[in-house]
Amino acid sequence: MTQSTPVNTAVPTAASTEEVKAAKSKRTKLIVQVAIIVAVTLILWFVPAPEGVDPRGMHMLAIFVGTILGLIFQPLPTPSVALVGLAVAMITGTMAAKNEALTGFGNSSIWIIVAAFFIADGFLITGLGKRIALLFVRALGKSSLGLSYGMAITDLVLAPATPSNTARAGGVIYPIIRSLSEVNGSTNETPESRRKLGSFLLMTEAQVNTITSAMFLTAMAGNPLAQKFA
């Protein structure tokens, strides 16, 4: 006596068909982007170096342009694109691994930025930054001016440990400003509604964020590099 094997006779749904089409389209787009990056890099690589220009300089230009295109098209995440560009420069001999390509990793300013980014992720993931902000809101938020002071002090407290002013303002402060504004009937639907509270708090935070970014070495990723150049 044989046992029959069940056969899947389900008809593909419209949703699954659309998913398949989207996956194919995404894969095709990725292939085209990679092909463009490789083609442009190879074209520049084989362009004869002008008189007086080191051929390595032309090769570095090709790798640099290819890396920039990779950052624009994003076939891989940004760190991966940067590492691929660095690896290509070392493998092809365009840059010496020890004396040129990896020299920047010995810069202490770079590691200050890396360490500060780890701390910043902790603020965002654990919600500590949000809790700090809400403490100041509870203490000072009796008026619109008090709320603005609360947001300003929060930015000031978080600035030394958050080397991305965009992440600090957009990841921690902005969601709280939006919630406070909507609770008080201030939304972005009409100019009159925006002017009730939202515009005031956002403008205050934009100005405060600019100032706190310049107050601490680790308040913005560019600060340690500016210090190094100085």
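## Helix α1 and residue I43

I43 lies in helix α1, which runs over residues 14–45, and in this predicted model I43 is exposed, with a relative accessible area of 56%. That value counts as exposed because the cut-off for the term is over 50%. I43 and A62 are separated by 19 residues in sequence, while their C-alpha atoms lie 7.9 Å apart in space.

## Helix α3: span and two sides

Helix α3 covers residues 78–91, and its 14 residues should span 20 Å at 1.5 Å a residue; the C-alpha atoms at its ends are 20 Å apart, so the expected and computed spans agree. Within α3, the residues V81, G85, L86 and A89 are buried. These four cover an arc of only 135 degrees around the axis, which means that they sit on the same side of α3.

On the other side of α3, the residues P79, L83 and I91 are exposed. The partners against which the buried residues of α3 pack are α2, residues 55–73, and α4, residues 97–101. Just after the helix, G93 takes a positive phi of about 80 degrees.

## The largest pocket

Which elements give two or more residues to the lining of the largest pocket? The largest pocket has a volume of about 460 Å³, and the elements that give two or more residues to its lining are α2, α3 and α4. Of these, α3 supplies the largest share of the lining, with seven residues.

The lining of the largest pocket is made up of 16 residues, and those closest to the centre of this pocket are P79, A82, L83, L86 and F105. Two of these names also appear in the description of α3 as exposed residues, namely P79 and L83, whereas L86 is listed among the buried residues of α3. By class, the lining of the largest pocket has 12 nonpolar, three polar and one charged residues.

## The second largest pocket

The second largest pocket holds about 350 Å³ of space. It is lined by 16 residues, of which I37, V38, T41, G66 and V84 are the closest to its centre. At least two residues of the lining of the second largest pocket come from each of α1, α2 and α3.

By class, the lining of this second largest pocket has 11 nonpolar, five polar and no charged residues. Helices α2 and α3 are thus named for the lining of the second largest pocket and are also named for the lining of the largest pocket.

## The enclosed cavity

The structure holds one cavity of 30 Å³ or more, and about 30 Å³ of space lies in the largest cavity. The residues that line this cavity are A120, F123, L124, L158, T162, A167 and V172. The elements that give two or more residues to this lining are α5, residues 108–126, and α8, residues 165–183.

Helix α5 gives the most to the lining of the largest cavity, with three residues. Sorted by class, the lining of the largest cavity has six nonpolar residues, one polar residue and no charged residues.

## Helix α6

Helix α6, residues 128–140, has 13 residues and reaches 19 Å from its first C-alpha to its last, which is close to the 18 Å expected at 1.5 Å a residue. In α6 the residues G129, I132, A133 and V137 are buried. They cover an arc of only 140 degrees around the axis, and therefore lie on the same side of α6. The face of α6 turned away from this buried side carries the exposed residues R138 and A139.

## Helix α10

Helix α10, residues 198–215, has 18 residues and reaches 26 Å from its first C-alpha to its last, close to the 26 Å expected at 1.5 Å a residue. Its buried residues are G198, L201, T204, E205, V208, N209, T212 and S213. Because they cover an arc of only 160 degrees around the axis, these residues are placed on the same side of α10.

The exposed residues T210, I211 and A214 are carried by the face of α10 that is turned away from its buried side. What covers the buried residues of α10 includes α7, residues 144–158, together with α8, α9, residues 191–194, and α11, residues 222–229. Helix α8 is also one of the elements named for the lining of the largest cavity.

Key. Residues are numbered from 1 along each chain as its sequence is written. This is a predicted model: local features need pLDDT of at least 70, side-chain atom pairs count only at pLDDT 80 or more; totals for chains, interfaces and linings use all residues. Side-chain values use heavy atoms; hydrogens and water are left out. The expected span of a helix is 1.5 Å times one less than its number of residues. Buried means under 20% relative accessible area, exposed over 50%, partly exposed in between (1.4 Å probe, protein chains only). The arc is that of the directions from the helix axis to the C-beta atoms. Contact means heavy atoms within 4.5 Å. On a 1 Å grid over the protein atoms alone, a cavity is a set of points where a 1.4 Å probe fits but cannot get out, and a pocket is an open set with protein on both sides within 12 Å along at least five of seven lines; lining residues have an atom within 4 Å of a point. Grid points are joined across faces, edges and corners, and a volume is the space filled by probe spheres set on the points. Ala, Val, Leu, Ile, Met, Phe, Trp, Tyr, Cys and Pro count as nonpolar, Asp, Glu, Lys and Arg as charged, and the others, Gly among them, as polar.
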